[in-house]
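User: I have a model open and want to go through its backbone oddities and ring contacts. Shall we take them in turn?

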Amino acid sequence: MAMEAMSLQVVSAMGALCLVLGATVCAQADPGDKDAAEGKLMVATCQFPVSGDIAANGEWIRRQMREAAEQKADIVHLPECALSGYAGKDHADLDNLDWHSLRKETESILALAKELGVWVVLGSTHRLSDGHKPHNSLYVISAEGKIIDRYDKRFCTNGDLKHYSLGDHFVTFTVNGVKCGLLICYDIRFPELYRAYSKLDVQMIFHSFYNARMEADAIHPKIMPPTAQARAATNYMFISMNNSSAEHAWPSRFITPDGLIVEALTPNEPGVMVHEVDTSREYYDASGPYRRAAIDGKLNSGRTVRDQRSKDRTCY
């Protein structure tokens, strides 16, 4: 009973924290937003060796937030489970996760976001009520130091499902006229998620990963970057894709809407890179003229003919 009472106190405290910090975690930040206007956004893509030490993760995050602010970034993008550590790799399970420490470090990051005047996309673990596994989440922190929304990983791997509850919603928010969306790791395997964000007129995707502490010959470093390039090009979106830098891991990348990688950080080393998203700039977009029609179900690029030799597929 004592343990149950303590657990309830922690959940209540976390709930109070959300209220105090102005969280609106049950709805999109701008669900009624129309096409985002042209805008410019300086994006800091960050990587560091995420671990099970929440305090150490917090130190890395604050250090990289300051570095990003010095480089004039408007928004700081951090990896999957950057603050909490990732279950199955950094933690055997989440039964004994230090929720008090996680709350304390979260508050510190919120305060620093306000001090620096930067937005933050923070990977962490979001506790639910007793009896439910937590979410693997990305918090959207405004430049006022408030959580304005939260994305929960929708597609969890079989390993993830041992530790996390599934998410059920998209998240969009607009910074400096650029409409942004969020995804986490395994979500990249499902192009339907990117298509859905395309229908919401999202221009910038923050896709956080934890593909670290893998075997040296793992397939992920070979397939993840080109998959993200295809998602960017076929949906005409900027993508910031980052990862933990703990060995062995593929390095973080920034991708433009034509599918080109502008820059990649150094593998297995901490780093911050800042790039400008300028939605007024035009990039090569081969599928642009037909994309929306294809999304709506018209799967060709014009009018078909009525001709018997076209209809007869056995003739030659």
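Analyst: Strands here are DSSP runs of E with at least two residues, numbered from the N terminus. The model is a predicted one.

User: In which loop is H248 found?

Analyst: Start with the backbone: a cis peptide bond joins E247 and H248, with omega at about -15°. H248 is not placed in a strand; its loop runs between β9 (238–242) and β10 (253–255).

User: Is C185 buried or exposed?

Analyst: C185 is not a glycine, yet its phi is positive, about 40°. C185 belongs to the loop between β7 (178–184) and α4 (191–199). Buried means under 20% relative accessible area. C185 has 7%, so C185 is buried.

User: What class of accessibility does Y236 have?

Analyst: Y236 also has a positive phi, about 55°, without being a glycine. Its place is the loop between α5 (220–235) and β9. Partly exposed covers the range between under 20% and over 50%. Y236 is at 26%, and therefore counts as partly exposed.

User: How are Y86 and Y164 arranged as an aromatic pair?

Analyst: The structure holds 11 aromatic pairs. In one of them, Y86 and Y164 have centres 6.3 Å apart and planes at 15°. Planes under 30 degrees apart count as stacked. The pair of Y86 and Y164 is stacked.

User: How many residues apart are Y86 and Y164?

Analyst: Y86 is in the loop between β2 (75–77) and α3 (99–116). Y164 is in the loop between β5 (147–152) and β6 (172–175). The pair links distant parts of the chain, 78 residues apart.

User: What relative accessibility does Y164 have?

Analyst: Its partner Y86 is buried, with a relative accessible area of 10%. Y164 counts as buried too, at 2%.

User: What kind of pair do F238 and F254 form?

Analyst: F238 lies in strand β9 and F254 in strand β10, so their pair ties together parts 16 residues apart in sequence. Both residues are buried. The ring centres are 6.3 Å apart and the planes are at 35°, so the pair is tilted.

User: Which residues do ring pairs link into a cluster?

Analyst: Y86 and Y164 already form a pair. Ring pairs link them with one further residue into a cluster. The members are Y86, Y164 and Y210.

User: Over which ring does the charged end of R154 sit?

Analyst: Take R63 for reference: its charged end sits over the ring of W60, 4.4 Å from the centre. For R154 the distance to the ring centre is 4.4 Å, and the ring is that of F170.

Methods: Residues are numbered from 1 along each chain as its sequence is written. This is a predicted model: local features need pLDDT of at least 70, side-chain atom pairs count only at pLDDT 80 or more; totals for chains, interfaces and linings use all residues. Side-chain values use heavy atoms; hydrogens and water are left out. Helices (H or I, at least four residues) and strands (E, at least two) are DSSP runs, numbered from the N terminus. Buried means under 20% relative accessible area, exposed over 50%, partly exposed in between (1.4 Å probe, protein chains only). Rings of Phe, Tyr and Trp (its six-membered ring) pair if their centres lie within 6.5 Å; planes under 30 degrees apart count as stacked, over 60 as edge-to-face and the rest as tilted. A charge sits over a ring if NZ of Lys or CZ of Arg is within 6 Å of the ring centre and within 35 degrees of the ring normal.
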